[in-house]
Amino acid sequence: LLAEARPDWPDAHEAVALTRGLDTLLPELEVDLAPLQEQAKSLETHLQRLKKQAKPVVPPEPVPTDMYR
């Protein structure tokens, strides 16, 4: 089982997809995906909110020195 993932961004929806795949492959196990889907949606909303609040990182302006005057 493989799911596409980005190392810099957690993807809870892919965790749901993997769990759904396991649920299909192992019929003797019954997994209720509703709580996991709800948490995935909540995590995604939280991360989007954090992304909007984050300030862009801008390198500081170089300090002029006497060498260039």
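## Exercises on a two-helix chain

The backbone nitrogen of H13 lies 3.2 Å from a polar atom of the D11 side chain. The model is predicted. The exercises below start from that contact.

**Exercise 1. Work out which end of α1 D11 caps, and where D11 sits.**

Step 1: place the residue. D11 belongs to the segment before α1.

Step 2: look at the contact. A side-chain oxygen of D11 is 3.2 Å from the backbone nitrogen of H13. D11 thus caps the N-terminal end of α1.

Step 3: check the cover. D11 has a relative accessible area of 35%. Buried means under 20% and exposed means over 50%. D11 is therefore partly exposed.

Step 4: look along the chain. A40 is 29 residues away from D11 in sequence. Their C-alpha atoms are separated by 7.8 Å.

**Exercise 2. Test whether the span of helix α1 agrees with its number of residues.**

Step 1: count. Helix α1 covers residues 12-25, which is 14 residues.

Step 2: predict. The rise is 1.5 Å a residue, and it is multiplied by one less than the number of residues. The helix should therefore span 20 Å.

Step 3: compare. The end C-alpha atoms of α1 are 20 Å apart, so the two values agree.

**Exercise 3. Classify L18, G21 and K52 as buried, partly exposed or exposed.**

Step 1: take L18, a residue of helix α1. Its relative accessibility is 31%, so L18 is partly exposed.

Step 2: take G21, which also lies in helix α1. Its value is 22%, so G21 counts as partly exposed.

Step 3: take K52, in helix α2 (residues 34-53). Its value is 73%, so K52 is exposed.

Step 4: add distances to E38. The C-alpha atoms of G21 and E38 are separated by 18 Å, with their positions 17 residues apart along the chain. For K52 and E38, 14 residues apart along the chain, the separation is 21 Å.

**Exercise 4. Find the nonpolar surface patch that includes L18.**

Step 1: list the members. They are L1, L18, L22, L25, L26, L29 and V31.

Step 2: give the area. Together these residues have about 600 Å² of accessible area.

Step 3: set the background. The accessible surface of the chain comes to about 6,600 Å². Carbon and sulfur atoms hold 59% of that surface.

**Exercise 5. Decide whether the chain is a compact globule or more spread out.**

Step 1: count elements. The chain has 2 helices and 0 strands.

Step 2: compare radii. The radius of gyration is 22 Å, well over the 11 Å that the globule rule gives for 69 residues. The chain is therefore more spread out than a compact globule.

Step 3: read the dimensions. The C-alpha trace spans about 75 × 25 × 10 Å along its principal axes.

Step 4: look at burial. Buried residues make up 7% of the 69 residues.

Definitions and conventions. Residues are numbered from 1 along each chain as its sequence is written. This is a predicted model: local features need pLDDT of at least 70, side-chain atom pairs count only at pLDDT 80 or more; totals for chains, interfaces and linings use all residues. Side-chain values use heavy atoms; hydrogens and water are left out. Helices (H or I, at least four residues) and strands (E, at least two) are DSSP runs, numbered from the N terminus. A polar contact is a pair of N or O atoms within 3.5 Å; within protein, one must be able to donate a hydrogen and the other to accept it, and residues adjacent in sequence count only if both atoms are side-chain atoms. Patches are made of residues with over 30% relative accessible area and no salt bridge: like charges are joined within 9 Å, nonpolar side chains (Val, Leu, Ile, Met, Phe, Trp, Tyr) within 5 Å. Accessible areas come from the Shrake-Rupley method with a 1.4 Å probe; for residues, only the protein chains shown count as cover. A salt bridge is a side-chain nitrogen of Lys or Arg within 4 Å of a carboxyl oxygen of Asp or Glu. Buried means under 20% relative accessible area, exposed over 50%, partly exposed in between (1.4 Å probe, protein chains only). The radius of gyration is taken over C-alpha atoms; the globule rule is 2.2 Å times the number of residues to the power 0.38.
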